[in-house]
Amino acid sequence: MITPAFLHSNFLHISFNMYALFILGRRIESTYGHWRFLWLYLLSAFGGNVLSFVLSDANSLGSSTAIFGLLAAEGIFIWQNRKLFGKRSTSMLNNIVMILVINLIIGFMPGSNIDYFGHLGGLLAGFLFAAMGGPKWVFEGI
């Protein structure tokens, strides 16, 4: 249930996923740390592939299951630390929601051949992992 996250259908597919991981992965890994990031990635990929396997006849492949988990984790991190981010937290969360909405709309379009159950499963797994095991910053004034 993890192997499909490392398989892609074509060059464009792997290119988009690599770009998303490059942009999103650097931020999340620096915040969560190497090991917690690895667990987040693998559990999101696993959760996405399990939900896809249970609810869909289509094959799930690509790292987008894990990428959706990373997006959920970033959203939870910002939400839990919104006092530290101040007014920026609203626009940061809006950006994440817009990315998720656009990608989910594309996935639900007829003929898109995108496994939206994998995306939803990765999103749910990343959300749960981040809510239970994500970092929460504490501000200690000088």
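Tyr 116 is partly exposed in this predicted model, because its relative accessibility of 28% lies between the 20% under which a residue is called buried and the 50% over which a residue is called exposed. Phe 108 also counts as partly exposed, at 45% relative accessibility, and the rings of Phe 108 and Tyr 116 make a pair whose centres are 4.3 Å apart. The planes of these two rings stand at 35 degrees, so the pair is described as tilted, a label that applies because the angle is neither under 30 degrees, which would be stacked, nor over 60 degrees, which would be edge-to-face. Tyr 116 takes part in a further aromatic pair with Phe 117, which is tilted as well, with 4.7 Å from centre to centre and 40 degrees between the planes.

Looking beyond this region, a search of the whole structure finds seven aromatic pairs. Elsewhere, Tyr 32, Phe 77, Phe 85 and Trp 137 come together as one aromatic cluster.

Tyr 32 leads on to the nonpolar core, since in soluble globular proteins nonpolar side chains tend to be buried together. The largest nonpolar core in this model has 24 residues, and the members that touch the most other members are Leu 24, Ile 28, Tyr 32, Leu 40, Leu 70 and Ile 78. Five helices, namely H1, H2 (34–55), H3, H5 and H6, each supply at least two residues of this core, and the largest share, nine residues, comes from H3. A student who wants to see how one member is surrounded can select Leu 40, which, when residues up to four places away in sequence are not counted, touches Ile 28, Tyr 32, Gly 69, Leu 70, Ala 73, Gly 126 and Phe 129.

The next feature to find is the largest pocket, which has a volume of about 1000 Å³. Its lining is made up of 35 residues, and those closest to the centre of the pocket are His 13, Asn 17, Ser 64, Ile 114 and His 119. Helices H1 (11–32), H3 (64–80), H5 (88–108) and H6 each give two or more residues to this lining, with the largest share, nine residues, coming from H1. In chemical character, the lining residues divide into 17 nonpolar, 16 polar and two charged.

Two of the residues closest to the pocket centre, Asn 17 and Ser 64, can be followed in more detail. Asn 17 sits in helix H1 and is buried, because its relative accessible area is 8%, a value under the 20% cut-off. Apart from its neighbours within four places in sequence, Asn 17 is in contact with His 8, Gly 62, Ser 63, Ser 64 and Ile 67. Ser 64 belongs to helix H3 and counts as buried too, with 13% relative accessibility. With residues up to four places away in sequence left out, Ser 64 touches Asn 17 and His 119, both of which are also among the residues closest to the pocket centre.

Finally, the reader can turn to Leu 128, which is placed in helix H6, a helix that covers residues 116–133. Leu 128 counts as partly exposed, because its relative accessibility is 41%. Although Leu 128 and Ser 44 are 84 residues apart along the chain, their C-alpha atoms are separated by 9.3 Å.

Technical notes: Residues numbered from 1 in each chain as written. Predicted model: local features only at pLDDT ≥ 70, side-chain atom pairs only at ≥ 80, totals over all residues. Heavy atoms only, no water. Helix = DSSP H or I, 4+ residues; strand = E, 2+ residues; numbered from the N terminus. Buried < 20%, exposed > 50% of the residue type's maximum accessible area, 1.4 Å probe, protein only. 1 Å grid on protein atoms, 1.4 Å probe; cavity = no way out; pocket = protein on both sides within 12 Å on 5 of 7 lines; lining within 4 Å. Points joined across faces, edges and corners; volume = space filled by probe spheres on them. Nonpolar A, V, L, I, M, F, W, Y, C, P; charged D, E, K, R; others polar. Core = buried A, V, L, I, M, F, W, Y, C linked by side-chain atoms within 4.5 Å. Contact = heavy atoms within 4.5 Å. Phe/Tyr/Trp six-rings, centres within 6.5 Å; stacked < 30°, edge-to-face > 60°.
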